[in-house]
Amino acid sequence: MLHKTLKSFPDNFLWGASTSAYQVEGASLEDGKGPSCQDVKEVPEGTSDLKVCADHYHRYKEDIALMAEMGFKAYRFSIAWTRILPEGTGEVNPKGIEFYNNLIDECLKYNIEPIVTMFHFDMPAALDQRGSWSNRDSVDWFVNFSKILFENFGDRVKYWLTINEQNMLTLVGPVIGTMTIPEGCTNELKEIYQQNHHMLVAQAKAMALCHEMLPDAKIGPAPNISIIYPESCRPEDTIAAQNANAMRNWLYLDAYVYGKYNNLVWAWLEEKDACPEFAPGDEEILKNAHPDFIGFNYYNTSVCKESDGTEKGGAVSQQENSGEAGLFDGVKNPYLKTTEFGWEIDPVGFRGTIREIYSRYHLPMLVTENGLGAYDKLTEDGKVHDPYRIEYLRKHIEQIQLAITDDCEMMGYCPWSAIDLISTHEGMVKRYGFIYVDRDEFDLKTMDRYRKDSFYWYKKVIATNGADL
Ligand code: BG6
């Protein structure tokens, strides 16, 4: 639709940015924190470990002051499960509670709304050893953890996100360092979708608990959603794109919002003898979740065509899928440029994704991630010139405004990331932040913070509520 007049961003639009605990905090085993799966995994070759990251744990005051200087209305961060419960269950670590109390209070001091992700890729290592999400008890572990969060922080945190990118945990677990398959497993696909089912049930119970304990708070999921185009108008390619979309996107959102499994994915799992087992009451639990909004991460779209029937290897990163035999084959998009790290850039697809989500679910939406990873350079006079990031963000924000003009309900925009941090599998050199951190992959240097050009640009965007891009 071509609009003659654009609608403005709502007055209470939550401009901010995101991080996650294991990628930004460092202090990975300090003050009683237990190890998470990220702390014990094998570090991808050539990349830093997660011991220091951006040292946000020690420098959060300086970091939040910089976010306040940019004018942030919101800061999305995650709470490390093992800081609160070092073993995943059992004794609460008072130092962990204290840290997040301080972080939340620091945000509120500047009127920055804390948006808390309860789980961002960091399963406690102790629970990994007990089978992680394969174990049905994982539902109780997560609900117990969420109850502790609501009790301790619910007086100040009004926005909650359950599980970050559950779809990527399911589709690319090995890439992001989260996959645990129990020894002796004979049907890996079934195991993975059983884990996924436990996550669905766990987050549904956490949502219901949030509504019960904190009636004024809002809670939603945070999957990675982006539409998948058919390569051509061949009808077979459209069927393939429907399969791919169901598998990547709608399986998750259908379950979160309607409490139902997507029929296309269910039929595929049936064929593979990989349907998850339901415990008594699960159906009811899924139906009673009722998210207040949909949080979602968007980086780029993808393309597929009819499957030639051979195995292609499935998803290879959060944003790339080579295909699933019988469902679809992944192909490159010839119309799009890519980032330095090979992810396609598709702002228009962002609008398309927002429209599609809204027409399917009719819930307000919060963008919980979006951004561009690049090899930024600090100049001798302490500047970081990142016009490519400004261009990426500007074009995506323009598309949000078009989507708002399309009458899609948008609550806020929290791109990835507030500050440079460690990538899921490509190290420190893949930077996303508005704030530069002076360290290299292995050399920790000064760890000083520098304002990138995009910092000043975003400050202006927020100050004008998106009118001056
Ligand atoms: C999302 C994750 O998949 O994308 C983040 O939620 C991640 O944790 C971000 O860092 C960017 O991906 P990457 O692989 O470049 O770090």
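**Exercise 1. Find the neighbours of strand S4 in its sheet, and state how buried the strand is.**

Solution. Begin with the pairing of S4 and strand S5 (residues 218-222), which run parallel and are joined by 4 bridges; strands, like helices, are DSSP runs numbered from the N terminus (E, at least two residues, for strands; H or I, at least four, for helices), and two strands pair if DSSP finds at least two bridges between them. The model is a predicted one, in which local features need pLDDT of at least 70 and side-chain atom pairs count only at pLDDT 80 or more, while totals for chains, interfaces and linings use all residues. Residues are numbered from 1 along each chain as its sequence is written.

Within the pairing of S4 and S5, Asn 164 has Ala 222 in S5 as its bridge partner. Next, turn to strand S3 (residues 113-119), which is joined to S4 by 4 bridges and runs parallel to it; here Thr 117 stands opposite Leu 161 in S4. Finally, consider burial, where a residue is buried if 20 or more other C-beta atoms lie within 10 Å of its own, exposed if 12 or fewer, and partly exposed in between, with C-beta atoms placed from the backbone. In strand S4 (residues 159-164), 6 of the 6 residues are buried, so the strand is largely enclosed by the rest of the structure.

**Exercise 2. Give the strand order of the sheet of 8 strands, and say which strands stand at its edges.**

Solution. The order is S5-S4-S3-S2-S1-S14-S13-S7, in an open sheet with parallel pairing. S5 and strand S7 (294-297) are at the edges, and each has a single partner strand, so one side of each is left without a neighbour in the sheet. From one strand to the next the twist averages 30 degrees. At the S7 edge, 4 bridges join S7 to strand S13 (residues 365-369), and these two strands run parallel; Asn 297 has Glu 369 in S13 as its bridge partner.

**Exercise 3. Describe the sheet of 4 strands and the helix that packs on it.**

Solution. This open sheet has the order S6-S8-S12-S11, and its pairing is mixed. Strand S6 (228-230) and strand S11 (323-324) form the edges, each with a single partner strand, so one side of each lacks a neighbour in the sheet. Strand S8 (residues 302-305) and S12 run antiparallel and are joined by 3 bridges, and Val 303 has Val 331 in S12 as its bridge partner. Helix H11 (residues 235-258) packs on the sheet, touching S6, S8, S11 and S12, and its direction makes about 170 degrees with that of S6. Axes are lines fitted to C-alpha atoms, for helices over the stretch in contact, and angles run from 0 to 180 degrees between N-to-C directions.

**Exercise 4. Characterise the packing of helices H7 and H10, and name residues that meet there.**

Solution. Helix H7 (residues 138-153) and helix H10 (residues 188-213) pack at an angle of about 30 degrees, and their axes are 9 Å apart. The two helices are therefore roughly parallel to each other, a term that covers angles under 35 degrees. Residues of H7 including Phe 142, Val 143 and Phe 150 meet residues of H10, among them Val 201, Ala 202 and Leu 209; contact requires C-beta atoms, placed from the backbone, within 7 Å. By class, the contact of H7 with H10 has 10 nonpolar, 3 polar and 2 charged residues, where Ala, Val, Leu, Ile, Met, Phe, Trp, Tyr, Cys and Pro count as nonpolar, Asp, Glu, Lys and Arg as charged, and the others, Gly among them, as polar.

**Exercise 5. Locate Glu 344, Asn 111 and Asp 407, and decide whether each is buried or exposed.**

Solution. Glu 344 is in the loop between strand S12 (328-331) and helix H14 (347-361), and is buried, with 20 other C-beta atoms within 10 Å. Leaving aside residues up to four places away in sequence, Glu 344 touches Asn 300, Asn 333, Leu 336 and Thr 338.

Asn 111 lies in the loop between helix H5 (94-109) and S3, has a positive phi near 60 degrees although it is a residue other than glycine, and counts as exposed, with 11 C-beta neighbours inside 10 Å. Asp 407 is placed in the loop between helix H15 (387-405) and S14; its phi is near 75 degrees, again positive in a residue other than glycine, and Asp 407 is exposed, with 9 other C-beta atoms within 10 Å.

Methods. Angles under 35 degrees count as roughly parallel, over 145 as roughly antiparallel, 65 to 115 as roughly perpendicular and the rest as oblique. Two residues are in contact if their C-beta atoms, placed from the backbone, lie within 7 Å.
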